[in-house]
Amino acid sequence: AMELGIGMVHQEFMLIPGFTVTENIKIGREISTPNLPSRLFGKSMETLDYKAMRKDARKALKRIGLQIEDYVKVAGLPVGYMQFIEIARELDKTEIRILVFDEPTAVLTESEADRLLAAMRAIAAQGIAIIFITHRLDEVMAVANSMTILRDGEFVARKEIKDTNVVEIAELMIGRK
């Protein structure tokens, strides 16, 4: 998926509480520099380049408008911040073209959900396609251009948001009026 430019923001957070914001954003894609031990024993002995990793993390956080120090540990942060760190981690990946959001507002407060929807609009404005999986129809109407409706895992319809409303969408989802 990463090679194809697809990122995933899960409903359940996949952060490591004891790691910093930067470490969570860069995990699996750490930046390192060679040193004497690495020349002798291999790449796994290289020194982490925290300055370069913090720069990347701040850039990803800025893309979604999250103001947080990159050296803060994730443990104890509000849920909304954790969700944004998850998104920043995906945006940090090179050549990301599609982001899949799986029920991203399920654990957020109303104000956090509003911030997330605004961030989704900003991400889409950067040319990144978003697949937004949700049952909250008001959120779909607020951020989507088009939607695909499934019932029991089967395709039901594809609608442009401008051509539909919440009542019609609900009827298509349920299969009756």
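Reader: In which sense do β4 and β5 pair, and over how many bridges?
Author: Strands here are DSSP runs of E, at least two residues long, numbered from the N terminus. Two of them pair if DSSP finds at least two bridges between them. For β4 and β5 the sense is parallel, and the number of bridges is 5.

Reader: Which residue is the bridge partner of Ile 98 in β5?
Author: Quick note: this is a predicted model, where local features need pLDDT of at least 70, side-chain atom pairs count only at pLDDT 80 or more, and totals for chains, interfaces and linings use all residues. Residues are numbered from 1 along each chain as its sequence is written, and side-chain values use heavy atoms, leaving out hydrogens and water. Ile 98's partner in β5 is Ala 129.

Reader: How many bridges join β1 to β4?
Author: β1 covers residues 6-9, while β4 covers 98-102. One link goes from Val 9 to its bridge partner in β4, Phe 101. The two strands run parallel, and the bridges joining them number 4.

Reader: Why is one side of β1 and of β5 left without a neighbour in the sheet?
Author: The open sheet has 3 strands in the order β1-β4-β5. β1 and β5 (129-133) stand at its edges, so each has just a single partner strand.

Reader: At about what angle does helix α5 run to β5?
Author: Helices are DSSP runs of H or I, at least four residues long. Axes are lines fitted to C-alpha atoms, for helices over the stretch in contact (heavy atoms within 4.5 Å), and angles run from 0 to 180 degrees between N-to-C directions. Helix α5 (residues 110-125) lies across β4 and β5, and its angle to β5 is about 150°.

Notes: Buried means under 20% relative accessible area, exposed over 50%, partly exposed in between (1.4 Å probe, protein chains only).
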